[in-house]
Amino acid sequence: MTDYANPDALASTDWLEKHLDDPDIRGAVGWNWKTDLHTPVGRDYKDQDGFAELLADAGVSDTTTVVLYGGNNNWFAAYAYWLLKLRGFEQVQLLNGGRKKWELESRELVSDVPSYTRSEHVFLGEDRPEIRAMRDEVISKLGSAGFVDVRSPEEFRGEKLAPDHLPQEQAQVPGHIAGAANVPWAKAANDDGTFKSADELKALYDAEGITGDGEVIAYCRIGERSSHTWFALQELLGYPNVKNYDGSWTEYGSLVGAPVEMG
């Protein structure tokens, strides 16, 4: 069996439980994906200064490892992971299985809200724009890059604009990017929320023509589900040129003249 390319990108529930009291591990701080990660005006993310402030408020220093977890098989946790990497923060791991696996194993949950002394300095490296695809780049690479649409088959075929539990709105038209392969993000996860093995992941994406031989651009509706797929391709399989198109279908599906396919 092939090992993950970057196994240190994941933290196990066993390991985390043993390190809950480690002052250099930070995992139980609540971040709201809309208000904490995004700019208050416009559709974009906080810059490096904004993320440095967010991390400093959580007591994260240069010796702290941030462990991210969430519901929906780490749907938004992977989004936060990708954003921290985008802003140059490297000391981050994703809890394999997230809250789902933690609960399945009957590990302790508490309602206390932790507080930490604000750190004085958080070191961020350079921004990493190479892991993010913007609108103009997406349009320019139609037919050359491998696009993977990680939404549900119903969204891909154009029967729905969003998952069932969300309002069916935002994008102007249904469908998918012309030439994109459909590999729903949840196929990368086991029943307990953990990622499938490297061999299983490779077979999953290879079957749809998504390999590490060329550039890959993942997208969904707003960029959170595709962050999960970006993590699987970039961090676990080690594909060298993977980007997350966070504008995703809410942007692309509203562009005048952009090539769209249905069915």
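Begin by selecting β1 and strand β4 (residues 92-95), which pair in the parallel sense over two bridges; here two strands count as paired if DSSP finds at least two bridges between them, and helices (H or I, at least four residues) and strands (E, at least two) are DSSP runs, numbered from the N terminus. The model is predicted, so local features need pLDDT of at least 70 and side-chain atom pairs count only at pLDDT 80 or more, while totals for chains, interfaces and linings use all residues. Residues are numbered from 1 along each chain as its sequence is written, and side-chain values use heavy atoms, with hydrogens and water left out.

**The first sheet**

Stay on β1 and pick Leu10, whose bridge partner in β4 is Leu94. Now widen the selection to the open sheet of four strands, where the order is β1-β4-β3-β2 and the pairing is parallel. At its edges are β1 (10-11) and β2 (25-26), each of which pairs on one side only.

**Helix α3**

Next select helix α3 (residues 75-86), whose twelve residues should span 16 Å at 1.5 Å a residue (the expected span is 1.5 Å times one less than the number of residues); its end C-alpha atoms are 17 Å apart, which agrees. Eleven of the twelve residues are buried, so α3 is largely enclosed by the rest of the structure; buried means under 20% relative accessible area, exposed over 50%, and partly exposed in between (1.4 Å probe, protein chains only). Among the buried residues of α3 are Trp75, Tyr79, Trp82 and Leu86. What covers the buried residues of α3? The cover includes α2, β3 (65-68), β4, α8 (224-236) and β9 (242-244), where contact means heavy atoms within 4.5 Å. Just after α3, click on Gly88, which takes a positive phi of about 90 degrees.

**A residue in α2**

Move to helix α2 (residues 48-57) and select Asp49, which lies in it. Is Asp49 buried or exposed? Asp49 is exposed, with a relative accessible area of 59%. Add Arg87 to the selection: the C-alpha atoms of Asp49 and Arg87 are separated by 9.3 Å, although the two residues are 38 residues apart along the chain.

**Two pockets**

A pocket, on a 1 Å grid over the protein atoms alone, is an open set of points where a 1.4 Å probe fits, with protein on both sides within 12 Å along at least five of seven lines, and its lining residues have an atom within 4 Å of a point. The largest pocket holds about 1100 Å³ of space. Of the 39 residues that line the largest pocket, select those closest to its centre, which are Gly27, Ala28, Val29, Gly30 and Tyr69. The elements that give two or more residues to this lining are β2, β3, α3 and α4 (98-104), and α3 gives the most, with four residues.

Turn then to the second largest pocket, which holds about 490 Å³ of space. Of the 26 residues that line the second largest pocket, the closest to its centre are His38, Arg43, Tyr79, Ile222 and Asp246. The largest share of this lining, three residues, again comes from α3.

**The second sheet**

Finish with the other open sheet, in which four strands run in the order β7-β5-β8-β9 with parallel pairing. Its edge strands are β7 (181-182) and β9, each pairing on one side only. Strand β5 (residues 146-149) and β7 pair in the parallel sense over two bridges, and Val148 stands opposite Ala181 in β7.

How values were computed. Points joined across faces, edges and corners; volume = space filled by probe spheres on them.
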